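Got the viewer open? Let's take a walk through this structure, one selection at a time.

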Amino acid sequence: MIRESAPERSVVVPIKPPQLKAVLLPTAAALIVLVLALALGGTPVFSSTTSAQTSAVVTSSHTKVKIYMFAFEPSKLTVKAGTRITFTNYDMTAHTATALNESFDTGTIQPGQSRTIVIMKAGVYPFHCLFHAFMTGTIKVVG
Ligand SMILES: [Cu+2]
């Protein structure tokens, strides 16, 4: 049986979101203002959306790093070799704390969970979240 194409078949027309331009334009304008402010040597009036880098020097044998709002807190940490470092995820999203040189990796830390690592070897260990490359930190281990 051969059917003619149904005339009532609905046609999906892609709708361009009219608000896209309206959203992009102010962003571009803000960027231009920011670039101008920087070029003129002035201090940009915009506050950075990335959280401030925090640092801590730890003397105890166990310390904690909060993962909150897509940032490590503290993000810069100095510990003695053998210190237990517990990462706790306070976000609603899974994160990791993974050394760039792969010397340590917490694995996936689900929301509300914690993982503890111990670094025995002195050195500087930049790390990040495998899921969010902008989430970075550094652990400095002293002997
Ligand atoms: Cu993450």
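A quick word on vocabulary before we select anything: strands here are DSSP runs of at least two residues, numbered from the N terminus. With that in hand, pick Phe70, which sits in the loop between β2 and β3 (72-73). Keep in mind as you look around that this is a predicted model.

**Stop 1: Phe70**

Is Phe70 buried, exposed or partly exposed? Phe70 counts as partly exposed, because it has 15 C-beta neighbours inside 10 Å, and a residue needs 20 or more to count as buried. Now show what is around it: leaving aside residues up to four places away in sequence, Phe70 touches Asp91, His132 and Met135. Add Asn89 to the selection too. Phe70 and Asn89 are 19 residues apart in sequence, yet their C-alpha atoms are 9.4 Å apart in space.

**Stop 2: the whole chain**

Zoom out and colour by secondary structure. You should find one helix and nine strands. Starting at the N terminus, the helix comes before the strands, in the run α-β-β-β-β-β-β-β-β-β. If you colour by burial instead, 19% of the 143 residues count as buried. Among contacts with a separation of 6 or more, 39% join residues 24 or more positions apart.

**Stop 3: the four-stranded sheet**

Select β3, β2, β5 and β7: in that order they form an open sheet with mixed pairing. The edges are β3 and β7, each of which pairs on one side only.

Stay with β7 and its neighbour β5. These two strands run antiparallel to each other, paired over five bridges. To see the match-up, pick Ile85, which stands opposite Ile117 in β7, and then Arg84, which stands opposite Val118 in β7.

Next, show the side chains of β7 (residues 114-118). Which of them point to the buried face? Arg115 and Ile117 do, while Ser114, Thr116 and Val118 point to the other face and are not buried.

**Stop 4: the five-stranded sheet**

Now move to the other open sheet, whose five strands follow the order β1-β4-β9-β8-β6 with mixed pairing. Its edge strands are β1 (55-57) and β6 (98-99), each pairing on one side only.

Inside this sheet, highlight β4 and β9, a parallel pair with five bridges. Thr78 is a handy landmark here, standing opposite Lys140 in β9.

While you are on β9, click Thr136, which belongs to that strand. Thr136 has 16 C-beta neighbours inside 10 Å, so it counts as partly exposed. Its contacts, not counting residues up to four places away in sequence, are Ser75, Pro126 and His128. For a longer reach along the chain, add Ala99: Thr136 and Ala99 are 37 residues apart in sequence and 9.6 Å apart in space, C-alpha to C-alpha.

**Stop 5: the core**

One last selection. In soluble globular proteins, nonpolar side chains tend to be buried together. Here, the largest nonpolar core has 18 residues, and Val65, Phe72, Ile85, Phe87 and Ile139 are those with the most contacts inside it. The elements giving two or more residues to this core are β2 (62-67), β4 (76-80), β5 (84-89), β8 (123-128) and β9 (136-142).

Finish by centring on Val65. What does Val65 touch, not counting residues up to four places away in sequence? Light up Phe72, Glu73, Pro74, Leu77, Ile85 and Phe87, and you have the list.

Notes
Residues are numbered from 1 along each chain as its sequence is written. This is a predicted model: local features need pLDDT of at least 70, side-chain atom pairs count only at pLDDT 80 or more; totals for chains, interfaces and linings use all residues. A nonpolar core is a set of buried Ala, Val, Leu, Ile, Met, Phe, Trp, Tyr and Cys residues joined through C-beta atoms within 7 Å. A residue is buried if 20 or more other C-beta atoms lie within 10 Å of its own, exposed if 12 or fewer, and partly exposed in between; C-beta atoms are placed from the backbone. Two residues are in contact if their C-beta atoms, placed from the backbone, lie within 7 Å. Two strands pair if DSSP finds at least two bridges between them.
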